[in-house]
Amino acid sequence: DTPRRGVEAAAVSSPKAEPSSSASIQETIDKLNAFAAQQNISLKFSVDKTTGRTIIRVIDEQTQKVVRQLPPEEVLELAANMEEMVGALVSHNV
């Protein structure tokens, strides 16, 4: 996967969604895109295969290095270990 510059809008369907809130979300996304472009960074979205959690990586465009990852790798490892322990407990009790 190659990093994408900026942030893309996602379609959100909700019975309570108001047109003004959709415009507000788009305005926020536009501001984030402008800020990312000024800082020479890109955002890469992916899904952790073990936990199924969304991962966001902030990439420096010049060096292509990860500046920050949310959630951090340690949190993903902890979540995977906890899921494994819960699975072991459930299978042991059955």
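A residue counts as buried under 20% relative accessible area, as exposed over 50%, and as partly exposed in between. With that in hand, here are close-up views of a predicted model.

**View 1. The whole chain at a glance.** Let us start with the overall layout of this predicted model. The secondary structure amounts to two helices and three strands, and reading from the N terminus the elements follow the order α-β-β-β-α. Of the 94 residues in the chain, 20% are buried.

**View 2. Asn40, on the way from helix to sheet.** Asn40 sits in the loop that leads from α1 (19–39) to β1. Most residues other than glycine have a negative phi. Asn40, however, is a residue other than glycine with a positive phi, near 60°. Is Asn40 buried, partly exposed or exposed? Its relative accessible area is 25%, so Asn40 is partly exposed.

**View 3. The three-stranded sheet.** The strands make an open sheet in the order β1-β2-β3, with antiparallel pairing. At the edges are β1 (41–47) and β3 (66–70), each of which pairs on one side only. Neighbouring strands are turned against each other by 20° on average, direction ignored. Strands of a sheet pair through backbone hydrogen bonds. How many bridges join β1 to β2? There are seven between β1 and β2 (residues 54–60), while four bridges join β2 to β3.

**View 4. Partners across the strands.** Here we zoom in on individual residue pairs. Ser46 has Ile55 in β2 as its bridge partner, and Phe45 stands opposite Ile56 of β2. On the β3 side, Ile56 has Leu70 as its bridge partner. Following Ile56 thus takes the eye from Phe45 to Leu70. As for cover, β1 is mostly hidden, with five of its seven residues buried.

**View 5. The hairpin of β1 and β2, with Thr51 in its loop.** Six residues lie between the two strands of this hairpin, and Gly52 takes a positive phi near 80°. Thr51 belongs to the loop between β1 and β2. Why does Thr51 count as buried? Its relative accessible area is 14%, and because buried means under 20%, Thr51 falls in that class. The side chain of Thr51 makes a polar contact of 2.9 Å with the side chain of Asp48. A polar atom of the Thr51 side chain also lies 3.3 Å from the backbone nitrogen of Arg53.

**View 6. Gln64 in the turn from β2 to β3.** The hairpin of β2 and β3 has five residues between its strands, and Gln64 is in the turn. Gln64 is not a glycine, yet its phi is positive, at about 60°. With a relative accessible area of 44%, Gln64 lies between the 20% and 50% limits and is therefore partly exposed.

**View 7. A cis peptide bond after the sheet.** Most peptide bonds are trans. Which residues does the cis peptide bond in this view join? Leu70 and Pro71 are the pair, and omega is about -10°. Pro71 is found in the loop between β3 and α2, and Leu70 is the residue met earlier as the bridge partner of Ile56.

**View 8. A nonpolar patch on the surface.** Leu78, Met82 and Met85 together form a nonpolar surface patch. Their combined accessible area is about 320 Å². Leu78 is part of helix α2, which covers residues 73–93.

**View 9. The salt bridge of helix α1.** The structure holds one salt bridge. Which residue partners Glu27 in a salt bridge? Lys31 does, and the closest N and O atoms are 3.4 Å apart. Glu27 and Lys31 both belong to helix α1 and are four residues apart, about one turn of the helix. Glu27 has a relative accessible area of 45% and is partly exposed. Lys31, at 56%, is exposed because that value is over 50%.

Terms used
Residues numbered from 1 in each chain as written. Predicted model: local features only at pLDDT ≥ 70, side-chain atom pairs only at ≥ 80, totals over all residues. Heavy atoms only, no water. Patch = residues over 30% accessible without salt bridge, like charges linked within 9 Å, V, L, I, M, F, W, Y side chains within 5 Å. Areas by Shrake-Rupley, 256 points an atom, 1.4 Å probe, with all protein chains shown as cover. Salt bridge = Lys/Arg side-chain N within 4 Å of Asp/Glu carboxyl O. Pairing = 2+ DSSP bridges. Axes fitted to C-alpha atoms, helices over the stretch in contact; angles between N-to-C directions. Buried < 20%, exposed > 50% of the residue type's maximum accessible area, 1.4 Å probe, protein only. Polar contact = N/O pair within 3.5 Å; in protein donor to acceptor, adjacent residues only side chain to side chain.
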